[in-house]
Amino acid sequence: MSQAPRPQIWGVLNVTPDSFSDGGKFLQSQTAVDHALGMVEAGACVIDVGGESTKPGVSRVDWSVEQDRVLPVIEQLAGHGIVVSIDTMRADTAQRALDAGAQIINDVSGGLADAGMFGVMAAAQCDVVLMHWRGHSDQMDSLAHYDSVLDEVRNELVVRVDAALEAGIAQERIVLDPGLGFAKTPAHNWALATGLFQAMPEGFRTLVGASRKRFLGELLPEGHAVEERDSVSSHLGARLADQGVWALRVHNVSEQAAALNLWQAFREGGLHE
Ligand code: PMM
């Protein structure tokens, strides 16, 4: 049996005042760019730039606020030759981000939030991430009901894939994501993390964004700082690598890279240059 390759690492760059783990840190363009350069140096091959927090309970920001946050940063990152993914649910923001130099569109709503998104994706012929999603952040906790989370996530992803293909997005451009933390209780997240590929339709690359999410906090003492979740996040990343995940979306790139070095050393019987 052929072994799954080492997963890619995508570094998270939230240019927001209110994202749950890094809100407010990277609102200054230069700080954001410096942080992204550091993540690339540490082993990230894509920087995922977002300008709208999706943490449970928050309301949406205006499109102009989102674009003012992300576009200058994307321009600078692209100028440094960095591969940028735009994390947005808005077709117009996705298009403007591509114009500013982004190469990938990451839509946490899987094309559900904006009827224009699949058109932008199909025309751009770029890689696209379609995540499992049931509704916006201000209502997603009330949507976290499943009889069988693995079956329902898979079936709902298949519906999104069918719509994407119908809209003219090429199958090989589609990356799927189970959407940990989005309309999921901790129990649902654990079921997905441990049984990932029962939930993922076959024939697509899988990206997972587990980093620093609330369900991982259950493993740590009460009152811990959110950054303290990096260690369990990177352990989980290595477990997901065992399951054949294609990319890990993380906040702490150097910790994830070290965990994958260990994962690889075990797989190859030692460290090889
Ligand atoms: N999670 C967040 C934002 N964007 N994109 C994808 N594809 N998958 C995710 O799980 C995901 C995402 C929210 O987490 P953050 O506030 O740490 O960015």
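How far does a polar side-chain atom of K213 lie from an oxygen atom of the ligand? I looked this up before anything else. The distance is 2.7 Å. I note here that the model is predicted.

**Entry: the ligand**

I went on to the other polar contacts of the ligand. An N or O atom in the side chain of H251 is 2.8 Å from an oxygen atom of the ligand. N106 also takes part: one of its polar side-chain atoms lies 2.8 Å from a nitrogen atom of the ligand. I then checked how well the ligand is covered. Taken alone it exposes 410 Å², and the protein buries 97% of that area.

I listed the residues around the ligand and found 16 of them. D87, D177, K213, R249 and H251 come nearest. By type, the shell divides into 7 nonpolar, 5 polar and 4 charged residues. I also asked which strands contribute to it. Strand 1 (8-14) and strand 5 (127-131) each supply at least two residues of this shell.

**Entry: N106**

I returned to N106, which lies in strand 4 (residues 104-107). Is N106 buried or exposed? N106 counts as buried because its relative accessibility is 3%, and the cut-off for buried is under 20%. Leaving out residues up to four places away in sequence, I found that N106 touches D48, S85, I86, D87, T88, V129 and R249. Of these contacts, D87 and R249 are also on my list of residues that come nearest the ligand.

**Entry: the nonpolar cores**

I looked for the largest nonpolar core and found one of 73 residues. The residues with the most contacts inside it are L13, I47, V49, I74, L77 and I105. Helix 5 (residues 149-166) gives the most to this core, with 6 residues. Another core lies apart from it and has 7 residues, among them W10, V129, V175 and L207.

I picked I105 for a closer look. Not counting residues up to four places away in sequence, I105 touches I86, A94, L98, M117, V120, M121, C126, D127, V128 and V129.

**Entry: helix 4**

M117, V120 and M121 from that contact list led me to helix 4 (residues 117-124). Which residues of helix 4 are buried? They are M117, F118, V120, M121 and A122. I then looked at what these buried residues pack against, and noted helix 3 (91-100), strand 4, strand 5 and helix 5. Last, I checked what comes after the helix. Q125 follows helix 4, and its phi is positive, near 50°.

Note on methods: Residues are numbered from 1 along each chain as its sequence is written. This is a predicted model: local features need pLDDT of at least 70, side-chain atom pairs count only at pLDDT 80 or more; totals for chains, interfaces and linings use all residues. Side-chain values use heavy atoms; hydrogens and water are left out. A nonpolar core is a set of buried Ala, Val, Leu, Ile, Met, Phe, Trp, Tyr and Cys residues joined through side-chain atoms within 4.5 Å. Buried means under 20% relative accessible area, exposed over 50%, partly exposed in between (1.4 Å probe, protein chains only). Helices (H or I, at least four residues) and strands (E, at least two) are DSSP runs, numbered from the N terminus. Contact means heavy atoms within 4.5 Å. A residue is near a molecule or strand if one of its heavy atoms lies within 4 Å of it. A polar contact is a pair of N or O atoms within 3.5 Å; within protein, one must be able to donate a hydrogen and the other to accept it, and residues adjacent in sequence count only if both atoms are side-chain atoms. Accessible areas come from the Shrake-Rupley method with a 1.4 Å probe; for residues, only the protein chains shown count as cover. Ala, Val, Leu, Ile, Met, Phe, Trp, Tyr, Cys and Pro count as nonpolar, Asp, Glu, Lys and Arg as charged, and the others, Gly among them, as polar.
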